[in-house]
Structures are given as C-alpha cells and as structure tokens.
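Trainee: Could you take me through this structure? I would like to begin with its interior and then turn to the surface.
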Amino acid sequence: MLMLWVKALHIVFVTSWFAGLFYLPRIYVNLAQQTDPGAQACLLGMARRLYRFTSVLAFPAVLLGLWLFLGYGIGMGPGNGWMHAKLLMVVLVIGYHHACGVMLRKFEQGRNTRSHTFYRWFNEIPNVLLLLVVALVVVKPF
C-alpha cells in the first residue's frame, strides 16, 4: 500500500516539476524580446520565483523515484533496460533544469546573447524528454 502512495506522490511531483520546466523558458522568450526595464524586472522576478519553486519540486520527485527504484526494486533485474534509458532521461532533465538556472543568471546579469527564437526551440526540450520518459515507463520497449 505504501508503494502506491510513493508512486502517486512521485507522479504528482514529476508533473509539477515539468509544469515549471514548460513555463520557465516561455518567460525567457519574453525576456529576450523585452526592452522595457520595468517589464524586464517583472519577468525576472517571475522567472526567479518559478526556478526556485521548480527546484524545490525536483527534490521530492527524484527522491521518490529513487525510493521506488532502490527501495522497491522497480525496474531492477534482467529485462529492464527501459529503466536504464529512463534514468538517462532523468539525468537529462536535471541537466536541462540546471541549464535553465544558468540562463536565468545570465538574464539577471544582463549577459543574455540568445534570441527569442532560441528560447522557443529550447522550450520544446522538456516536451520531448517527458514523451520519452512516459513511453519508456508505460511501454517498457526493452
């Protein structure tokens, strides 16, 4: 019964974390286009708060996932290559999250050199990663 609660909470925290990762680069799109200092300050405040909140959400998502993997052995043993691929995707999501933080610091320092078009494409990465993770977990192709 506890395992089902851990799974449910893991799904909730992962979903919430991804919601932040979907929205944060959209703020960067607007920041890259904005020239008004007042609007930039407002968008930076939004981005800063969202990045902090998503960082908080990432910890229980990862910890609950590790609990399921190590504590309950989900995805362990032969025939569970999908879990290794999923763990690689999780590492990529963490890297993406970190990259968002680096970009935020550049915006805060006024050192952004990327266009809004770059951020529009960058914003699609979490969609692809989530699609791959869900497909691996549900389909278990290998």
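Mentor: A nonpolar core is a set of buried Ala, Val, Leu, Ile, Met, Phe, Trp, Tyr and Cys residues joined through side-chain atoms within 4.5 Å. Buried means under 20% relative accessible area, exposed over 50%, and partly exposed in between, with a 1.4 Å probe and protein chains only. This is a predicted model, in which local features need pLDDT of at least 70 and side-chain atom pairs count only at pLDDT 80 or more, while totals for chains, interfaces and linings use all residues. Residues are numbered from 1 along each chain as its sequence is written, and side-chain values use heavy atoms, with hydrogens and water left out.

Trainee: How many residues does the largest nonpolar core have?
Mentor: That core has 32 residues, and those with the most contacts inside it are Trp-17, Leu-24, Tyr-28, Leu-31 and Cys-100.

Trainee: Which helices supply at least two residues each?
Mentor: α1 (2–33), α2 (37–71), α3 (81–108), α4 (116–122) and α5 (125–139) each do so. The largest share, ten residues, comes from α3. Helices here are DSSP runs of H or I with at least four residues, strands are E runs of at least two, and both are numbered from the N terminus.

Trainee: And what does Leu-31 touch?
Mentor: Not counting residues up to four places away in sequence, Leu-31 touches Gln-40, Leu-43, Leu-44 and Phe-107. Contact means heavy atoms within 4.5 Å.

Trainee: Let us move along α1. Is Val-6 buried or exposed?
Mentor: Val-6, which lies in helix α1, counts as buried because its relative accessibility is 2%. Leaving aside neighbours within four places in sequence, Val-6 is in contact with Leu-64, Trp-67, Leu-68 and Tyr-72.

Trainee: How far is Val-6 from Leu-68, by C-alpha atoms?
Mentor: Their C-alpha atoms are separated by 7.2 Å, although the two residues are 62 apart along the chain.

Trainee: Why does Leu-4 count as exposed?
Mentor: Leu-4 also belongs to helix α1, but Leu-4 counts as exposed because its relative accessibility is 51%.

Trainee: Now the surface. Which residues form the nonpolar patch?
Mentor: Met-1, Leu-2, Leu-4, Trp-5, Trp-67 and Tyr-72 form it, with about 710 Å² of accessible area together. Nonpolar patches join side chains of Val, Leu, Ile, Met, Phe, Trp and Tyr within 5 Å, from residues with over 30% relative accessible area and no salt bridge, a salt bridge being a Lys or Arg side-chain nitrogen within 4 Å of an Asp or Glu carboxyl oxygen. Accessible areas come from the Shrake-Rupley method with a 1.4 Å probe.

Definitions and conventions
Patch = residues over 30% accessible without salt bridge, like charges linked within 9 Å, V, L, I, M, F, W, Y side chains within 5 Å.
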